[in-house]
Amino acid sequence: MNDSALELPEGYDNKFPIRIRGLTNAFGDYVVHDALDLDVRQGEILGVVGGSGTGKSVLMRSIIGLQFPREGDIEVFGQNITDAEPDEVIGVRNRWGVLFQGGALFSTLTVAENVQVPLKQFYPELDQTLLDEIARYKTVLTGLPAEAASKFPSELSGGMKKRAGLARALSLDPELLFLDEPTAGLDPIGAAKFDELTRELTDTLGLTVFLITHDLDTLYAICDRVAVLADKKVIAVGTIPELLETDHPWIQEYFNGPRSRAAAKSHEGADDRRKALDKPQAGRA
């Protein structure tokens, strides 16, 4: 749907769709982030981890404009969106999709109608026939049967709700995809299938994915790099082997625990893509 070209700022080379500098988020006297910095590379799945209260979802909400930081700059596609008016970043906002925890579907709308919500917001000129066709396509794209488009959220299983929410997140053909705990509440088989879908869609559609998760299997299976939130900052970013070389106690406890070792063993050989991460990527304009 992104047929209108985004006017990219001069000098922006598309290597880092998201760049954050000096980000400070606070609720009253409680400081969540203090001078946080982070770069997200084009085409990667970046896993974001951290203990409870480290502000993973707050960070995502800051990037998509739902949380206004106290200080700092957030650039998306080279455009600073921190203090911009909504109309000034309309060309940026329709280039990302968001899957919130639990899917966050509108309960009184069918799956198709949920998928159509962003389309109607950004492309009000589209007729209903085309809207229905797009909604059906996005529904099937996420692995749901075509007939799921006419169902209400209450008629779906937990896994189907996640896929329906993903279909809505993909409705505008985004370049950036934000996923907040996408496998939470799913059984191991359902979680693994959702991970496979995320990897497939990322590679097929050329997405850049910002993925908040606690799921160690997800980190080992599909994430190109992992950003660790602690001490009110991003204390480290890298592949899991690179993170294991750091001496921060939380990182060592998280990635050297028995559950992490089991996840690592079950996903041996999944590092081929990560090894090529720093190589030039053809076709990534």
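Contact here means heavy atoms within 4.5 Å, and angles run from 0 to 180 degrees between N-to-C directions, with axes fitted to C-alpha atoms. Keep in mind that you're working with a predicted model.

**Exercise 1. Work out which strands helix H5 lies across, and at what angle it runs to E6.**

Step 1: Find H5, which spans residues 158–169.
Step 2: Look at what it packs on: H5 lies across E6 and E7.
Step 3: Compare directions, and you get about 165° between H5 and E6.
Step 4: For another helix on these strands, try H1 (residues 56–63), which lies across E3, E6, E7, E8 and E9. H1 runs at about 145° to E8.

**Exercise 2. Lay out the open sheet and say which strands stand at its edges.**

Step 1: Write down the order of the six strands: E6-E7-E8-E3-E9-E10, with mixed pairing.
Step 2: Check the ends. E6 (96–99) and E10 (233–238) each have a single partner strand, so one side of each lacks a neighbour in the sheet.
Step 3: Add the twist, which averages 15° from one strand to the next.

**Exercise 3. Take strand E8 and describe how E7 and E3 pair with it.**

Step 1: Start with E7 (residues 176–180), which pairs with E8 (residues 208–212) in the parallel sense over five bridges.
Step 2: Pick out residues that face each other: Phe-178 is opposite Phe-210, and Leu-177 is opposite Val-209.
Step 3: Now take E3, which runs parallel to E8 and is joined to it by four bridges. Here Leu-46 is the residue opposite Phe-210.
Step 4: Sort the E8 side chains by direction. Thr-208, Phe-210 and Ile-212 go one way, while Val-209 and Leu-211 go the other.
Step 5: Check burial on both faces: five of the five residues in E8 are buried.

**Exercise 4. Compare the span of helix H6 with the expected value, then inspect its two ends.**

Step 1: H6 covers residues 188–205, 18 residues in total.
Step 2: From first C-alpha to last, H6 reaches 25 Å, close to the 26 Å expected at 1.5 Å a residue.
Step 3: At the start, a side-chain oxygen of Asp-187 comes within 3.0 Å of the backbone nitrogen of Ile-189.
Step 4: Just past the other end, Gly-206 has a positive phi of about 70°.
Step 5: List buried positions; among them are Ala-191, Phe-194, Asp-195, Thr-198 and Leu-201. An α-helix has 3.6 residues a turn, so residues three or four places apart point the same way.

**Exercise 5. Decide whether Thr-82 is buried or exposed, and find what surrounds it.**

Step 1: Locate Thr-82 in the loop between strand E5 (79–80) and helix H2 (90–93).
Step 2: Apply the cut-off: buried means under 20% relative accessible area. Thr-82 is at 13%, so it counts as buried.
Step 3: Beyond four places in sequence, Thr-82 touches Pro-69, Gly-72, Asp-73 and Ile-74.
Step 4: Look for a polar partner: a polar side-chain atom of Thr-82 lies 2.8 Å from the backbone nitrogen of Ile-74.

**Exercise 6. Identify the residues with the most contacts inside the largest nonpolar core, and follow one of them outward.**

Step 1: That core has 30 residues, and Leu-166, Leu-177, Leu-219, Val-226 and Phe-255 have the most contacts inside it.
Step 2: Follow Phe-255. Past four places in sequence, its contacts include Leu-219, Val-226, Ile-240 and Leu-244.
Step 3: Don't merge this with the second, separate core, which has 27 residues, including Leu-59, Val-92, Val-98 and Leu-176.

Technical notes
Residues are numbered from 1 along each chain as its sequence is written. This is a predicted model: local features need pLDDT of at least 70, side-chain atom pairs count only at pLDDT 80 or more; totals for chains, interfaces and linings use all residues. Side-chain values use heavy atoms; hydrogens and water are left out. Buried means under 20% relative accessible area, exposed over 50%, partly exposed in between (1.4 Å probe, protein chains only). A polar contact is a pair of N or O atoms within 3.5 Å; within protein, one must be able to donate a hydrogen and the other to accept it, and residues adjacent in sequence count only if both atoms are side-chain atoms. The expected span of a helix is 1.5 Å times one less than its number of residues. A nonpolar core is a set of buried Ala, Val, Leu, Ile, Met, Phe, Trp, Tyr and Cys residues joined through side-chain atoms within 4.5 Å. Two strands pair if DSSP finds at least two bridges between them.
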